[in-house]
Amino acid sequence: MKEILTPDTVLSDMIDINYSLLQVVSRIGLDLKYSGLKISEACTRSGIDPNTFLLICKVYSSNEYVPSKTDIAHGNISDIIRYLRGSHLYYTGAALSYLEASFDRLIAPCERRRREVIRKFCTDYKEELVKHFAYEEEVVFPYVESILEGSRAGDYSIAQFEEHHGNVEEKLEDMKNIVMKYLPAECDNSGKISVLLSIYHLQDDLRRHTYVENEILVPMVLNLENYGK
């Protein structure tokens, strides 16, 4: 991958290059009042490690990016967790609320039974997502933070998280099929397109989020467990 983003890239230039990186800026807590500064300085003033910020941005910038051992070794675990927590808030808040509201408008012309089935499907997916994130928030992240504080206890390890880390994207395929194949003709076509765009965006976002967990957080924690660094 051609190296475009560096610590010397001005933050506003980075956003012009790829405005989708605003979601990383938001979730990791980087303040846009520093947008005129180099990434290194903007991150430092926001209390964020620049290498870690760029590491996540590369995941969002390219489907081909694979972090090297050096990339991972230079990352900051606390900032990775900060980003993941910010993502959880976004998914369970704005993203799903918008998707639910869009679905409700779309299926308004449907008969009552069909509306109930679709709403239950959306509700069940939201509950599954909330449960998935709750495990990370209540078990995984506190465990990692305890190691960072030098107070690791019990026999839990990051391998257990890796082994049981479920796929939260699968039901979105079913959701797309509902919109494209099973809704009656009276459902508004522009509404279908709007909902599909939301689903595709969420699906891609979750895939990158999961990649950060599996390919960056897990190796970082394994290094911490095995070598204390």
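**Entry 1: Tyr65.** I began with Tyr65, which counts as buried at 9% relative accessibility. The model I am reading is a predicted one. I found Tyr65 in the loop between H4 and helix H5 (69-73). I then looked up its distance to Leu55: the two residues are ten apart in sequence, and their C-alpha atoms lie 9.7 Å apart in space.

**Entry 2: the chain as a whole.** I next asked how many helices and strands the protein chain has. The count is ten helices and zero strands. Read along the sequence, the pattern is accordingly written α-α-α-α-α-α-α-α-α-α. I noted that the C-alpha atoms fill a box of roughly 60 × 45 × 30 Å, taken along the principal axes. The chain has 229 residues, of which 45% count as buried. I also looked at contacts with a separation of 6 or more; residues 24 or more positions apart account for 76% of them.

**Entry 3: Thr52.** I turned to helix H4, where Thr52 is found. Thr52 has a relative accessible area of 0% and is buried. Its side chain is joined to that of Asp49 by a polar contact of 2.6 Å. Leaving aside neighbours within four places in sequence, I listed the residues in contact with Thr52 as His74, Gly75, Asn76, Asp79 and Ile80. Asn76 appears again at the start of H6, where one of its side-chain oxygens reaches to within 3.0 Å of the backbone nitrogen of Ser78.

**Entry 4: aromatic pairs.** I searched the whole structure for aromatic pairs and recorded four. One of these is formed by Tyr60 and Tyr83, with 6.3 Å from centre to centre and 80° between the planes. The pair is edge-to-face, because planes over 60 degrees apart count as such. Which parts of the chain does this pair tie together? Tyr60 lies in helix H4 (residues 50-61) and Tyr83 in helix H6 (residues 77-106), so the pair links parts that are 23 residues apart in sequence. I checked the accessibility of both partners: Tyr60 is buried, with a relative accessible area of 5%, and Tyr83 is buried at 0%. I further noted one aromatic cluster formed by Tyr90, Tyr91 and Phe133.

**Entry 5: helix H6.** I compared the length of H6 with its expected span. At 1.5 Å a residue, its 30 residues should span 44 Å, and the end C-alpha atoms are 41 Å apart, which agrees. I nevertheless recorded a bend of about 40° at Tyr91, a member of the aromatic cluster noted above.

**Entry 6: His88.** I stayed with helix H6, in which His88 lies. Is His88 buried or exposed? His88 is buried, with a relative accessible area of 3%. Not counting residues up to four places away in sequence, I found that His88 touches Phe133, Glu136, Glu137, Phe141, His209 and Glu213. For Glu136 I also looked up the C-alpha separation from His88, which is 9.7 Å for residues 48 apart along the chain.

**Entry 7: helix H7.** I made the same check of length for helix H7 (residues 112-148). Its 37 residues should span 54 Å at 1.5 Å a residue, and the end C-alpha atoms are 52 Å apart, which agrees. H7 bends by about 30° at Glu137, one of the residues that His88 touches. At the start of H7, a side-chain oxygen of Glu111 reaches to within 3.0 Å of the backbone nitrogen of Arg113. The helix is followed by Gly150, whose phi is positive, near 75°. I also examined Thr123, which is found in H7. Thr123 is partly exposed, with a relative accessible area of 36%. The C-alpha atoms of Thr123 and Asp13 are 39 Å apart in space, and the two residues are 110 apart in sequence.

**Entry 8: the nonpolar core.** I closed with the largest nonpolar core, which has 69 residues. Its largest share, twelve residues, comes from helix H10 (residues 189-227). In soluble globular proteins, nonpolar side chains tend to be buried together. I noted the residues with the most contacts inside this core: Leu11, Met14, Leu30, Phe53 and Phe103. I followed up Leu30 and asked which residues it contacts, leaving aside neighbours within four places in sequence. Leu30 is in contact with Leu11, Val25, Ala42, Cys43, Ser46, Ile48 and Phe53.

Notes:
Residues are numbered from 1 along each chain as its sequence is written. This is a predicted model: local features need pLDDT of at least 70, side-chain atom pairs count only at pLDDT 80 or more; totals for chains, interfaces and linings use all residues. Side-chain values use heavy atoms; hydrogens and water are left out. Rings of Phe, Tyr and Trp (its six-membered ring) pair if their centres lie within 6.5 Å; planes under 30 degrees apart count as stacked, over 60 as edge-to-face and the rest as tilted. Helices (H or I, at least four residues) and strands (E, at least two) are DSSP runs, numbered from the N terminus. Buried means under 20% relative accessible area, exposed over 50%, partly exposed in between (1.4 Å probe, protein chains only). The expected span of a helix is 1.5 Å times one less than its number of residues. The bend at a residue is the angle between axes fitted to the seven residues ending there and the seven starting there. A polar contact is a pair of N or O atoms within 3.5 Å; within protein, one must be able to donate a hydrogen and the other to accept it, and residues adjacent in sequence count only if both atoms are side-chain atoms. A nonpolar core is a set of buried Ala, Val, Leu, Ile, Met, Phe, Trp, Tyr and Cys residues joined through side-chain atoms within 4.5 Å. Contact means heavy atoms within 4.5 Å.
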